[in-house]
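I opened a fresh page for this protein and wanted to look things up one at a time. Here are my notes as I went along.

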Amino acid sequence: MQTVFLSEQRLGVLVWQRGEPAPVARLGLARDPLLCAAVTEKRAAREPGPGTLFHVDVPGGRGASARYAVVALGDEAVEVALVRPADASAALLDFVASVPFAFAILNMFLTNPYQAITVADHEGLMRYISPVHEKFLGLAPGAAMGRRAEEVIPNSRLPQVARSGKAEIGEMLQLGPGVTRIVNRMPVFEGGALVGAVGQVSFSGMPALNRMQQRLNQLHDEVQHYKRELHQLKRTPSPGAMVGSSAPMQRLAREIDAVAPLDVPVLILGESGSGKELVAQALHARGRDAQAPLVSLNLAALPATLIEAELFGYEAGAFTGAKRQGQPGKLEQAEGGTLFLDEVADIPMEIQVKLLRVLEDRQVQRLGASEGRRVNFRIVAATHRDLRALIDSGRFRLDLYYRLSGVVLQVPALRQRVEDIPALVQRFAESFCERNGLALPRIAPGVISYLAQQSWPGNVRQLRQRVEEALVFCDGQLLSVENFARHQDLPARPAQPPMAPPAPAAMPLRSLEHAAILDAIARHGGNKKRAAQELGISRSYLYKVLAGG
């Protein structure tokens with residue numbers, strides 16, 4: 001075999017006696033005087049050692065050169081150099097010739113205590129097994145050589161891979177009771193022929209596998225969570241599509257459309273639960289760049305000690321417990337978009353001064369920073385509190401109020417838009433049933449008129465809670481008044497003082513008209529035109545009754 005390789009000029013051999021500069025023998029490729037001279041010169045310049053690998057370049061015709069890979073091995077008496085062309089098939093020689101510590105790397109792979117290497121030839125006979133694997137299997141060094149793979153390693157599939165040429169990656173290998181390892185089996189080809197297979201066995205054990213599985217499970221749960229949220233967002237109307245077609249809501253929609261495209265601060269006023277955050281979302285969605293970030297911060301939900309860090313951010317090491325890399329504040333995160341400050345009346349006085357400065361010069365300085373950063377955002381603020389009273393009592397700065405209230409929008413309370421209750425109930429019911437995979441029940445006659453008689457101090461938020469609670473206890477077919485009246489904890493509207501003398505049946509008739517109209521609107525999903533047609537009245541009269549005229 002060696003004679004064939006030498007005659008085909010695919011291999012050369014050089015032999016030196018230790019201490020002698022010239023080789024005592026040259027075979028094959030090494031008979032070329034230029035190649036012999038190049039190898040001899042490189043040998044003399046290299047660091048002495050038991051084994052080295054290096055490249056040599058030999059000039060050829062027309063300025064070209066050929067590269068050869070040289071493996072030099074020796075002992076105290078003789079040194080031998082094996083020479084072969086460094087072509088694409090000699091990747092190993094290229095690697096070891098390019099990396100001075102190549103032997104150390106190869107030795108590390110072969111003796112790695114966490115990753116064992118096993119090698120079988122095309123007949124399924126073991127040719128190598130890592131020391132860590134020999135130790136695990138209770139084998140003496142070299143005892144597995146020449147034996148069938150399945151005799152040495154329980155459940156080994158190296159012979160199958162060596163015959164099929166198909167890799168098996170990330171498989172579980174059962175080595176004994178309660179002993180499971182992760183294994184990769186890969187076929188080995190040489191000159192286009194399948195010559196064997198290599199197995200890589202992970203000895204990091206099941207704890208590492210369990211950690212990996214836990215992480216995969218966590219990532220899977222997160223993906224499913226975001227899928228559900230995305231599905232819900234797709235089913236939910238856009239923030240610009242606010243629920244309600246009552247006169248107050250129509251007026252608010254017109255005001256939002258007028259303000260949204262403008263670069264002006266907006267202050268949203270309204271009772272708790274009336275939907276101020278939805279107005280902020282609508283302003284952003286209908287603005288000049290709906291794709292820019294909308295960053296929200298509820299100032300009433302944070303302790304005063306955290307508001308400053310949340311708003312302005314902080315540098316690394318700014319205070320105990322700060323993140324090592326620091327953190328941008330909401331003002332920076334809203335760059336190019338909208339910053340929504342909910343319950344702005346709850347901002348402490350000392351932070352009001354800093355916020356005012358940012359709104360005036362558009363420079364934000366993180367806690368612990370020596371310089372400010374330029375920011376560009378639109379601010380929308382909201383509160384349910386009486387800012388004028390807070391200003392008079394010295395708890396809110398007048399100059400900050402003027403900075404925030406470029407335009408003031410007033411969100412109507414639910415009692416001011418009771419004609420929107422049918423559409424709101426329908427929306428909340430659809431959302432709840434979609435979220436929980438339930439069939440949407442019918443709404444019984446009398447439900448809307450019952451709800452319209454309540455005072456709703458918690459406004460739309462309270463209505464949503466009551467609708468969802470009622471859906472929990474309904475029979476799935478019909479949503480009835482009884483489902484809403486389980487606790488009877490909704491205070492009724494204050495009774496009107498007696499009118500003396502009332503016209504006979506005047507009050508009951510108007511109440512009946514109002515209730516009938518609300519029920520008709522509910523049956524037609526909030527469509528007032530169809531409700532008026534069903535009742536045989538004009539839409540103008542329908543609106544007159546709803547408005548209490």
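My entries below go from the whole chain down to single residues.

**Entry 1: the whole thing**

I reminded myself before anything else that this is a predicted model. Then I looked up the secondary structure and got 22 helices and 21 strands. The chain has 549 residues, and 39% of them count as buried. I also looked up the accessible surface, which comes to about 30,500 Å². Carbon and sulfur atoms own 55% of that surface.

Next I checked how contacts reach along the chain. I took contacts between residues at least 6 apart in sequence, and 57% of these join residues at least 24 apart.

**Entry 2: a hole inside**

How many cavities of 30 Å³ or more are there? I found one. The volume of the largest cavity is about 60 Å³. Then I wrote down what lines the largest cavity: T118, H133, I153, S156, R157, L158, L173, V183, R185, G199 and V201. Two elements, β9 (179–190) and β10 (193–202), are the ones that give two or more residues to this lining. Sorted by class, the lining has five nonpolar, four polar and two charged residues.

**Entry 3: helix α10**

I moved on to α10, which covers residues 276–285. Which of its residues are buried? My list reads K276, V279, A280, A282, L283 and H284. I then looked for what sits over them. The cover includes two kinds of element: the helix α9 (247–259), and the strands β11 (266–269), β12 (294–298), β15 (338–342), β18 (378–383) and β19 (407–410).

**Entry 4: helix α22**

Then I went to α22, residues 539–546, where L542, V545 and L546 are buried. Why do these buried residues line one face of the helix? Looking down the axis of α22, I see that they fall within an arc of 100 degrees, so one face is where they line up.

I picked V545 from this helix for a closer look. Its relative accessibility is 2%, and buried means under 20%, so V545 counts as buried. I also looked up its distance to I517, which is 28 residues away along the chain. The C-alpha atoms of V545 and I517 are separated by 8.3 Å.

**Entry 5: positive phi at two spots**

I looked at phi angles next. E343 is not a glycine, yet its phi is positive, about 55 degrees. I found E343 in the loop between β15 and α13 (349–361). Is E343 buried or exposed? It counts as buried, because its relative accessibility is 10% and the cut-off is under 20%.

R362 is another non-glycine with a positive phi of about 55 degrees. I found R362 in the loop between α13 and β16 (363–364).

**Entry 6: partly exposed residues**

For this entry I kept in mind that partly exposed lies between the 20% and 50% cut-offs.

I started with F103, which sits in helix α4 (residues 102–111). Its relative accessible area is 41%, so F103 is partly exposed. T52 is 51 residues from F103 in sequence, but C-alpha to C-alpha they are 8.5 Å apart in space.

L27 was my next stop, in strand β2 (residues 25–28). I noted 37% relative accessibility, so L27 counts as partly exposed. From L27 to V15 I got 9.0 Å between C-alpha atoms, with their positions 12 residues apart in sequence.

I finished with Q333 in helix α12 (residues 330–333). With a relative accessible area of 35%, Q333 is partly exposed too. Which residues does Q333 touch, leaving out those up to four places away in sequence? I wrote down P293, V295 and P328. I looked up L294 as well, which is 39 residues from Q333 along the chain. The C-alpha atoms of Q333 and L294 are separated by 8.8 Å.

Conventions: Residues numbered from 1 in each chain as written. Predicted model: local features only at pLDDT ≥ 70, side-chain atom pairs only at ≥ 80, totals over all residues. Heavy atoms only, no water. Buried < 20%, exposed > 50% of the residue type's maximum accessible area, 1.4 Å probe, protein only. Helix = DSSP H or I, 4+ residues; strand = E, 2+ residues; numbered from the N terminus. Arc of directions from axis to C-beta. 1 Å grid on protein atoms, 1.4 Å probe; cavity = no way out; pocket = protein on both sides within 12 Å on 5 of 7 lines; lining within 4 Å. Points joined across faces, edges and corners; volume = space filled by probe spheres on them. Nonpolar A, V, L, I, M, F, W, Y, C, P; charged D, E, K, R; others polar. Contact = heavy atoms within 4.5 Å. Areas by Shrake-Rupley, 256 points an atom, 1.4 Å probe, with all protein chains shown as cover.
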